[in-house]
Every structure is written in structure tokens, then in C-alpha cells.
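Reader: I am new to this structure and should like to be guided through it. May I put some questions on its strands, its core and some of its residues?

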Amino acid sequence: MDTSSSCPSTMSSSRHPWKKSSRSKPVSSLSLPLEGKSSKEGAWFDVHSILQHRVNETGEGEVEVSFKGFSSSNNEWLDPHASLRLQSKPCDESDCVLVLLGDLVLCFQETRNQSLHFDAEVVGVKRRRHDVRGCRCRFLVKFYHDGTQHCVPLGKISRRPETESRAHVSEQKRQTTEDEKSKVVFRHHPTPRPTVRSPAAGAPADPASRAAGFRSDARVMT
Ligand SMILES: [Zn+2]
């Protein structure tokens with residue numbers, strides 16, 4: 001999150017003297033990383049902690065959150081259902097294939113006045129061959145808050161956790177492909193299996209030599 005840009009709005013509790021929780025310690029220590037949507041710009045910020053909760057004048061629950069990198073004057077009361085969610089994951093090069101047309105993503109928008117993370121939909125994808133510079137693909141995103149479209153590199157996109165299952169599927173496919181490749185190599189260059197010699201007829205089996213043979217097998221198999 002860009003902490004140098006404009007800050008989340010402050011909703012002073014004195015302006016909203018509704019029922020408040022008496023708890024002074026954070027309600028949640030955030031075992032899961034969360035992000036919260038500021039009511040001021042509609043941008044998402046990483047949540048540092050949930051401080052307290054209350055029921056507002058319309059009978060709905062709210063939580064007061066502090067944002068990472070911002071002072072307490074920027075704390076906000078948020079609707080936990082609409083404005084609080086698991087943190088989005090910044091994309092690295094390997095995430096490129098996981099960003100698909102129609103995805104909801106969190107995207108960094110830079111304008112003359114502010115640079116913030118907003119919800120956006122991927123409305124176009126232009127794939128390019130990756131090289132030493134990494135991912136060179138371009139993604140056309142449409143921001144929900146202002147309807148503008150921007151062509152952005154992967155580095156400005158964060159994936160929603162809902163797409164994480166794709167990463168697991170992709171990893172399984174990659175693993176399967178590597179296994180298949182290793183099988184092909186094995187077929188072309190079969191490792192000779194050591195011959196297990198039977199003790200001579202009538203001769204007592206030697207446990208030590210059997211153990212030595214097993215260790216030898218282990219070396220061959222590795
Ligand atoms: Zn790419």
C-alpha cells in the first residue's frame with residue numbers, strides 16, 4: 001500500500017455517538033491478513049488491527065480498524081461484510097497465467113492526485129512471451145469506482161484469494177508434467193536394477209550382507 005498517498009478518511013466517534021463496545025484492546029489480532037475499504041476514496045488499505053465493534057444507529061454491526069502505515073487519526077468504522085475482506089495477493093511473474101479475463105482484481109491506480117488500490121475487472125489480456133525482464137503481458141482493467149479503463153502490467157495487479165485454487169491446480173499440473181518428464185528420462189535411460197543374490201543353497205543367510213545390499217540399492221535408486 002502506498003502510505004505516501006492520500007489517507008483513509010477519519011470518522012470521529014464524536015460525530016457518531018452510537019453504542020460502542022467497552023473493549024479497549026483490539027478485538028482481533030488478525031491471525032488472517034485483512035484489507036479494509038476506506039469510505040473516503042473507496043480504496044483498499046491493509047488493516048493493522050481491529051480495535052472495537054459497535055452497533056450503529058440503523059442496527060448494523062461495525063468494526064473500527066486501524067490501517068497499516070497510518071496514524072490512529074485515520075482509523076475508520078467499517079461494515080465488516082462490505083468493507084473488510086482477506087488481503088489480496090500482489091502478483092509475481094508466476095501468477096501471470098492465473099489472471100484471467102473477467103477476474104475481479106485489486107489494481108494500483110496512479111493519477112495526478114492520488115495513487116491507490118481499487119477494485120477492478122480484467123476486461124482484456126494481451127499475453128507476451130516472458131523474458132529476462134519477467135512478465136511483459138498487459139492487462140486491460142476497468143475500475144469499478146470511476147469506470148475508467150487502464151492498460152497495466154502484472155506488477156500493478158493483486159489477485160483475490162478466491163483465485164488461489166487456480167494456483168494449486170497450476171502447481172499440480174506442473175508437478176505432473178515434471179513427473180511425466182522424469183518417467184520419459186527413466187524409460188530412455190533405465191537404471192539397472194541390482195541383482196539380489198540368493199544365499200547358496202544350504203548356506204545360512206547373512207543379515208549383514210543383506211543390509212549392505214539394501215544400502216547399495218538405495219544408492220542406485222537415488
Ligand atoms: Zn505474463
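The questions and answers below concern the predicted model shown above.

Reader: How many helices and strands does the secondary structure of the protein chain come to?

Author: The model is predicted, and its elements can be followed from the N terminus. The strands come before the helices in that order, which runs β-β-β-β-β-β-β-β-β-β-β-β-α-α. The count is therefore 2 helices and 12 strands.

Reader: In what order do the 6 strands of the open sheet lie, and which are the edge strands?

Author: The order across the open sheet is β7-β12-β8-β9-β10-β11, with antiparallel pairing. An edge strand pairs on one side only. The edge strands are β7 (89-90) and β11 (149-153).

Reader: Which residue of β12 is the bridge partner of Leu106?

Author: Strand β8 covers residues 104-110 and strand β12 covers residues 157-159. These two strands run antiparallel and are joined by 3 bridges. Within β12, the partner of Leu106 is Ser158.

Reader: Which residue of β10 stands opposite Ala120?

Author: On one side, β9 pairs with β8 in the antiparallel sense over 7 bridges, and the two form a hairpin with 4 residues between them. In that pairing, Ala120 of β9 stands opposite Val105. A further 6 bridges join β9 to β10, again in antiparallel fashion. In β10, the residue opposite Ala120 is Phe143.

Reader: Which strand gives the most residues to the largest nonpolar core?

Author: This core holds 22 residues, and Val65, Val105, Cys107 and Ile157 touch the most other members. At least two residues each come from β3 (44-55), β4 (61-67), β5 (76-78), β8, β9 (115-126) and β10 (138-143). The greatest contribution, 4 residues, is that of β3.

Reader: Why does this core lie between two domains, and which are they?

Author: The answer rests on where the residues of the core come from. Both domains give residues to the core, so the core lies between them. They are domain 1 (13-86) and domain 2 (89-162).

Reader: With which residues is Ile157 in contact, leaving aside its neighbours within four places in sequence?

Author: Ile157 is among the core residues that touch the most other members, as are Val105 and Cys107. Both of those residues also appear among the contacts of Ile157. The full set is Cys91, Val99, Val105, Cys107, Phe139 and Val152.

Reader: Why does Asp46 count as partly exposed?

Author: Asp46 lies in strand β3. Its C-alpha atom is 6.2 Å from that of Leu34, although the two residues are 12 apart along the chain. A residue needs 20 or more C-beta neighbours within 10 Å to be buried and 12 or fewer to be exposed. Asp46 falls between these limits and counts as partly exposed because its number of C-beta neighbours is 18.

Reader: Which residues does Pro33 touch, not counting those up to four places away in sequence?

Author: Pro33 lies in the loop between β1 (19-20) and β2 (34-37), and it counts as partly exposed because it has 13 C-beta neighbours inside 10 Å. From Pro33 to Ser49, 16 residues away in sequence, the C-alpha separation is 9.3 Å. The residues that Pro33 touches are Leu86 and Gln87.

Reader: What percentage of the residues in the protein chain is buried?

Author: Asp46 and Pro33 each count as partly exposed. For the protein chain as a whole, with its 222 residues, the buried share is 17%.

How values were computed: Residues numbered from 1 in each chain as written. Predicted model: local features only at pLDDT ≥ 70, side-chain atom pairs only at ≥ 80, totals over all residues. Pairing = 2+ DSSP bridges. Core = buried A, V, L, I, M, F, W, Y, C linked by C-beta atoms within 7 Å. Domains from an automatic or database assignment. Contact = placed C-beta atoms within 7 Å.
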